[in-house]
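Here is a short briefing on one protein structure. Keep the sequence and the 3D view open as you read.

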Amino acid sequence: MRLSEVSFRYSRRGPWVLRDVELSLGPGTVAEVTGRNGAGKSTLLRLLAGIVPASRGSVTGRPAVVGYAPDVFPVDQPFTVSAYLAHLAGIRRVPRSSGTALAERLNATHLLGLPLGDLSKGSAQKIGLIQALLAPPGLLILDEPFAGLDEQTRAELPSIIGEVAAGGGAVVVSDHQNQLREFPGAVRWLVEGGAVSVQDGDRPRRAVIEVIVDAADAAEVEQKLRADGHVTRRVG
Ligand SMILES: Nc1ncnc2c1ncn2[C@@H]1O[C@H](COP(=O)(O)OP(=O)(O)OP(=O)(O)O)[C@@H](O)[C@H]1O
């Protein structure tokens with residue numbers, strides 16, 4: 001996917017939020033978007049997701065399936081969580097069980113029967129994340145996903161991001177707390193003064209190794225690897 005000379009403003013006479021942005025995003029790339037409050041991180045994410053069109057320039061090569069979790073998930077919809085996820089599963093042509101499986105993984109099964117309007121901010125954030133992951137995304141965009149989440153879900157997020165990337169999806173995460181700083185292979189985009197600069201840093205390249213362990217030890221090994229900052233994924 002490529003952004004060429006992209007500029008954006010919210011209204012015809014409004015101030016430019018982003019100017020002449022040049023970015024490319026390959027399959028399996030994880031990009032962390034940083035910048036001060038109001039710099040334009042959410043705007044850049046909306047442009048990438050296709051929620052808003054570029055005012056000037058072009059956005060090309062956007063993958064067909066985009067999962068987008070906004071910074072504030074809109075809960076003013078008259079559905080229960082499970083009806084909402086089932087409805088979306090239908091639209092995205094994935095089994096209804098996808099939502100339930102993700103709810104289990106993200107410790108959200110207790111939310112399934114609740115009306116969307118009754119969700120707390122953190123719970124709404126979780127459902128926003130689940131809906132973004134319902135169909136395996138070619139592009140996953142997470143706007144400040146760490147902000148409202150509980151500790152357990154927060155700890156799970158790097159693995160989820162790693163899995164999407166390992167499957168060839170690109171992932172863009174805005175994160176002003178730099179929680180992905182240590183994420184192996186992530187690139188950093190700094191939004192500042194309307195420009196987006198790619199921060200190279202000395203990040204090690206990512207490598208994937210397969211480790212086969214006794215099933216009985218799997219949870220313990222996984223926990224140790226994660227504690228050491230590695231991204232793990234159960235296969236089979
Ligand atoms: N819907 C909108 N209409 C008009 N201006 C907007 C809109 N959304 C954001 N802006 C303006 O665009 C600029 C960039 O906002 P944006 O939300 O993209 O920044 P951000 O870096 O994500 O900030 P934060 O870290 O506070 O979420 C700000 O000046 C903001 O006021």
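The points below cover the domains, the sheet and the ligand site.

This is a predicted model. The protein is assigned two parts, domain 1 and domain 2. A ligand is present, with residues around it. There is also an open sheet of 6 strands.

**Domains**
- Domain 1 is built from two stretches, 1-65 and 136-208, while domain 2 covers 75-131.
- The centres of domain 1 and domain 2, taken over C-alpha atoms, are 24 Å apart.
- Domain 1 gives 7 residues to the contact, and domain 2 gives 8 residues.
- On the side of domain 1 that touches domain 2, there are 2 nonpolar, 3 polar and 2 charged residues.

**Sheet**
- The strands of the open sheet follow the order E5-E6-E7-E3-E8-E9, and their pairing is mixed.
- Strands E5 (66-69) and E9 (195-199) are the edges, and each pairs on one side only.
- From one strand to the next, the twist averages 15°.
- Strands of a sheet pair through backbone hydrogen bonds, and they can be parallel or antiparallel.
- Strand E8 (residues 187-192) runs antiparallel to E9, and 5 bridges join them.
- Glu192 stands opposite Ala195 in E9.
- Helix H4 (residues 121-133) lies across E5 and strand E6 (139-143), and H4 runs at about 175° to E5.

**Ligand site**
- The residues surrounding the ligand include Gly38, Ala39, Gly40, Lys41, Ser42 and Thr43.
- Tyr10, Val17 and His176 are also among them.
- The shell around the ligand has 3 nonpolar, 7 polar and 1 charged residues.

Conventions
Residues are numbered from 1 along each chain as its sequence is written. This is a predicted model: local features need pLDDT of at least 70, side-chain atom pairs count only at pLDDT 80 or more; totals for chains, interfaces and linings use all residues. A residue is near a molecule or strand if its C-beta atom, placed from the backbone, lies within 6 Å of it. Ala, Val, Leu, Ile, Met, Phe, Trp, Tyr, Cys and Pro count as nonpolar, Asp, Glu, Lys and Arg as charged, and the others, Gly among them, as polar. Domain bounds come from an automatic or database domain assignment. Two residues are in contact if their C-beta atoms, placed from the backbone, lie within 7 Å. Two strands pair if DSSP finds at least two bridges between them. Helices (H or I, at least four residues) and strands (E, at least two) are DSSP runs, numbered from the N terminus. Axes are lines fitted to C-alpha atoms, for helices over the stretch in contact, and angles run from 0 to 180 degrees between N-to-C directions.
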